[in-house]
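User: I'm new to reading protein structures, and I keep tripping over the vocabulary. Can we go through some of the terms and see what earns each label?

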Amino acid sequence: MSAPLLDVEGLRVEFAGEPGAVAAVDGVSFTIDEGQALGLVGESGCGKSATALALLRLLPAGGRIAGGRLRFRGVDLLELSNEEMRRRRGREIAMVFQEPAAALDPLFTIADQVGEALEVHEGASRREARKAAIALLERVGIPEAARRADSYPHELSGGMRQRVCIAMALACRPALLLADEPTTALDVTVQAQILELLAELRRELGMALLLISHDLALVGASCDDLAVMYAGRIVERGPAARLLERPAHPYTRGLLASRPRLDRALAAGERLAAIPGTVPDPRAWPPGCRFHPRCPIARESCRSEVPALAAVASSAVHVAACPYADEAAGAAR
């Protein structure tokens, strides 16, 4: 078997804090093959965005990669110089950020921003970059692309700004696209359009995708595999169809149960399901299983023993960090 496109092993990301460094990502491991789509799912504060930024070595001030390996096409990204890493950003690995209004520069036109990567990485002239930018805008579904190319970000709707960000990321046809909550600020109709666009582009370009979201079912419909993240760690991983049918970790079950259902109406007095509590403060992760303060099936051992990822129902591809995963998976089915 060929080596994976991306191999993340034991990634640890720390941020400066009081009284000491805070681990926002704590020992995360996963792989992505050529052309594969992996969904990384969890609530806000679980470390999803920090993981994506670490892959590009773009952590904000105060953040650092404190451990692990990030192999991309067999090369450890942590061993590259800053200049070597800059050459890979945008060209081999690109990112669509969560908020397009913040990702786009209000002082430059759309054509300038989409074409910049082609000028930097491909040596395109300004005229060539503009022509290619218009073609990219057309490909991502921007109407009247030639006219919109001369617009500024504030002149576009939220959905069109997100399409511009996708065009920017795809300018150099990267092998891996990181999409961090690309549909969060959009209405449900535009959400569906953006996800379908990403799926089409992935098939067309043979591109791998890391899709980050808090919506497990939404991402599950767009990805081959899913990894569920909680409190800086991956707690469940497996093929999307299997994980959605038989969620094994209590946190995964909670995420699925908390989605509004369209197949039945709520009974009188019935409330929407919710996971009690909130994601714990990374300055004080709970001992043992970090989900145990919110877990409906927690037992005394969960408060002291740190669970490792283990096979669910003897599956070689479905793993969960819960000693009672088989019991939970059976109940969920």
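User: Why is α1 said to be largely enclosed by the rest of the structure?

Analyst: First, keep in mind that this is a predicted model. "Buried" means under 20% relative accessible area. In α1, seven of the eight residues are buried, so the helix is largely enclosed by the rest of the structure. Those buried residues are K48, A50, T51, A52, L53, A54 and L55. Just after α1 comes R57, whose phi is positive, near 55 degrees.

User: How do you know that β1 and β4 are paired?

Analyst: Two strands pair if there are at least two bridges between them. Eight bridges join β1 (residues 6-15) to β4 (residues 63-72), and the two run antiparallel. That passes the cut-off, so they count as a pair. One spot to look at is E14, which stands opposite R64 in β4.

User: What makes β2 and β5 the edges of their sheet?

Analyst: The sheet is open, with four strands in the order β2-β1-β4-β5 and antiparallel pairing. β2 (22-32) and β5 (75-76) each have a single partner strand, so one side of each is left without a neighbour in the sheet. Helix α1 (residues 48-55) packs on this sheet, touching β1, β2 and β4. The direction of α1 makes about 115 degrees with that of β1.

User: What makes β6 covered on both faces?

Analyst: Check each side for buried residues. I93 and M95 sit on one side of β6, A94 and V96 on the other, and all of them are buried. With buried residues on either side, both faces count as covered.

User: Which strand is β6 joined to, and do the two run parallel or antiparallel?

Analyst: β6 is joined to β7 (residues 176-180) by four bridges, and the two run parallel. Pairing needs at least two bridges, so they count as a pair too. In β7, L176 is the bridge partner of I93.

User: What makes a residue part of the lining of the largest pocket?

Analyst: A lining residue has an atom within 4 Å of a point of the pocket. For the largest pocket, 25 residues line it, and G90, F97, E116, A117 and M168 lie nearest its centre. The pocket holds about 710 Å³ of space.

User: Which elements supply that lining, and what kinds of residues are in it?

Analyst: α2 (82-88), β6 (93-96), α4 (110-122) and α7 (158-170) each supply at least two residues. The largest share, seven residues, comes from α4. By kind, the lining divides into 14 nonpolar, three polar and eight charged residues.

Technical notes:
Residues are numbered from 1 along each chain as its sequence is written. This is a predicted model: local features need pLDDT of at least 70, side-chain atom pairs count only at pLDDT 80 or more; totals for chains, interfaces and linings use all residues. Side-chain values use heavy atoms; hydrogens and water are left out. On a 1 Å grid over the protein atoms alone, a cavity is a set of points where a 1.4 Å probe fits but cannot get out, and a pocket is an open set with protein on both sides within 12 Å along at least five of seven lines; lining residues have an atom within 4 Å of a point. Grid points are joined across faces, edges and corners, and a volume is the space filled by probe spheres set on the points. Ala, Val, Leu, Ile, Met, Phe, Trp, Tyr, Cys and Pro count as nonpolar, Asp, Glu, Lys and Arg as charged, and the others, Gly among them, as polar. Contact means heavy atoms within 4.5 Å. Axes are lines fitted to C-alpha atoms, for helices over the stretch in contact, and angles run from 0 to 180 degrees between N-to-C directions. Buried means under 20% relative accessible area, exposed over 50%, partly exposed in between (1.4 Å probe, protein chains only).
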